[in-house]
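Reader: Could you walk me through one helix and its surroundings, and tell me how each label is earned?
Author: Happy to, let's have a look.

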Protein chains: 2
Amino acid sequence: MQETEAEFLQKYDRREYLAPLMTVDAAIFTFHGGKLLVLLTKRCEHPEKGKWALPGGFVDEEKDASLEEAIQRKLQEKTGVKAPYIEQLMSVGNNQRDTRGWSVTVVYTALVALQSCQSFVDNVSEVRWEIYEEALKMDLAFDHIEIMKAARERLKQKALYSMVPAYALPEEFTLPELQHCLEVLIDKPIQKKSFRRRVEQADLMEEVGLRSADKKGRPSMAYRLKEGVKDFTFIRNLDA
Amino acid sequence: MQETEAEFLQKYDRREYLAPLMTVDAAIFTFHGGKLLVLLTKRCEHPEKGKWALPGGFVDEEKDASLEEAIQRKLQEKTGVKAPYIEQLMSVGNNQRDTRGWSVTVVYTALVALQSCQSFVDNVSEVRWEIYEEALKMDLAFDHIEIMKAARERLKQKALYSMVPAYALPEEFTLPELQHCLEVLIDKPIQKKSFRRRVEQADLMEEVGLRSADKKGRPSMAYRLKEGVKDFTFIRNLDA
DNA sequence: ACACATAGTGTCTTTAAGACACTATTAAAA
DNA sequence: TTTTAATAGTGTCTTAAAGACACTATGTGT
């Protein structure tokens, strides 16, 4: 007698099976003061209690219908805002990374404007923006240093073939600001002309008037990303 | 009194926490007879019993120390060989995709030579190579159609900026064969000259003598991928 | 008015792909 | 045996887009 799927599900009890620990984590970057910043949270529970870590945590089966919802919820909890850019980076799973046992994390990369969440972050002592290079030297929890490096590397690649890093800037920004952001990411100067040709070709941004001159020299035009534009991928990369 | 991490772990019992179902799956492609093929396995257990699916399954905490080991084990079980190319594609997780409840799958894309595993596959009735376009029309288990499409799309991108699809060919292949494989993946003819310039620039292959003329016309040189070469990424894509 | 700093453009060079005609080498047909 | 057809592989011109860099434009401070 064949068992039907309904009968199978009737008898099935997930508690009989031991699944690995499942978390979602995010490497959240922003760009400010000419530096790449990464959001860190202090672990207030064991294991690795007291260490700084990438924001994240367990999926809540009640609250979250999907991984995307889970990570959006974590982001909202830590930054107070919905990230304008979020993308799945990779998953890491093994029996070494967490002392509790076999554990898997699905990691996302997110970009936000510092301004959009600065006040929220400033009011929570266990959340802070750290300069990426400084974070590299820290003793982060679990394998978060390696994960952060992987996210940074992916962001560098994005800078070579897209304008995605613009999401790490304030909603309004100037082209010199965006160019500098890309230059920091790829760790190399970009020809102003090349950069501006690409901005024009991508057609992702719109002028929003002149930036008041906070620095010396000619003021630059302010831009913002157009509403509802998809990302643009250049068929040729900048020289790495 | 502060609890130490050791004390925490002493008391910690994973069985008290319900984690989502965790599986690893693979979209395994090969290229043969001018067609892209994908490996499917027939599900012999509930749920979705009897449907064809991408090979995969649960992580075995005893056998597998990491996700990579888990997927390599699955590949070995289904094909009898170690895949020369394997890469993590993405993870999918939600409470809809599996009737048993909240479930996460970490998906890999692998490329193998048909010849290397043909005899093994032919001897197992619940494993078979399916032409990609035919697989698209099938009622695959879970969300495997969508996953397969995502893997196919990624493979197309790879064809535009790398020679990775060469791993889907026999160990020895000709340049016209590789060119045709790329053309199928990007669904567009490639200029012979452009293709061959790229082959030369990438410097990934070495001649292994003349291919005996199985067809009419001038015989082509046979090549194989050099040992221990890293992948090469072109700074400019082929036109999509 | 002038120097200066920074924004932004013009234009020549360089790189690598697209187009396509050309030569090369084989098997089959005449 | 020559010719033809088919496929492999090359030469070379054109085109697209990045690099280089000098130039103009527009602000501030003296």
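What follows is a short conversation about a helix, its partner and the domains of the chain.

Author: Please keep in mind that this is a predicted model.

Reader: How do you know that the length of α6(A) is close to what is expected?
Author: Helix α6(A) covers residues 175-186, which is 12 residues. The expected span is 1.5 Å times one less than the number of residues, and the reach from first to last C-alpha, 16 Å, is close to the expected 16 Å.

Reader: What makes Leu178(A) and Cys181(A) count as buried?
Author: Buried means under 20% relative accessible area, so both residues fall below that cut-off. Others in α6(A) that are buried include Gln179(A) and Glu183(A).

Reader: What comes just after α6(A)?
Author: There Asp187(A) takes a positive phi of about 55°.

Reader: Why is α6(A) called roughly perpendicular to α7(A)?
Author: Their axes cross at roughly 110° and come within 11 Å. Angles of 65 to 115 degrees count as roughly perpendicular, so α6(A) and α7(A) earn that name.

Reader: Which residues of α6(A) and α7(A) meet?
Author: From α6(A), Leu175(A), Pro176(A), Leu178(A), Gln179(A) and Leu182(A) meet Lys192(A), Phe195(A), Arg196(A) and Val199(A) of α7(A). The contact residues divide into 6 nonpolar, 1 polar and 2 charged.

Reader: How many residues of domain 1 and domain 2 of chain A are in contact?
Author: Contact means heavy atoms within 4.5 Å; 15 residues of domain 1 are in contact with 11 of domain 2. Domain 1 is 18-158 and domain 2 is 163-225, and 27 Å separate their C-alpha centres.

Methods: Residues are numbered from 1 along each chain as its sequence is written. Chains are lettered from A and ligands numbered from 1 in the order in which they are written. This is a predicted model: local features need pLDDT of at least 70, side-chain atom pairs count only at pLDDT 80 or more; totals for chains, interfaces and linings use all residues. Side-chain values use heavy atoms; hydrogens and water are left out. Helices (H or I, at least four residues) and strands (E, at least two) are DSSP runs, numbered from the N terminus. Buried means under 20% relative accessible area, exposed over 50%, partly exposed in between (1.4 Å probe, protein chains only). Axes are lines fitted to C-alpha atoms, for helices over the stretch in contact, and angles run from 0 to 180 degrees between N-to-C directions. Angles under 35 degrees count as roughly parallel, over 145 as roughly antiparallel, 65 to 115 as roughly perpendicular and the rest as oblique. Ala, Val, Leu, Ile, Met, Phe, Trp, Tyr, Cys and Pro count as nonpolar, Asp, Glu, Lys and Arg as charged, and the others, Gly among them, as polar. Domain bounds come from an automatic or database domain assignment.
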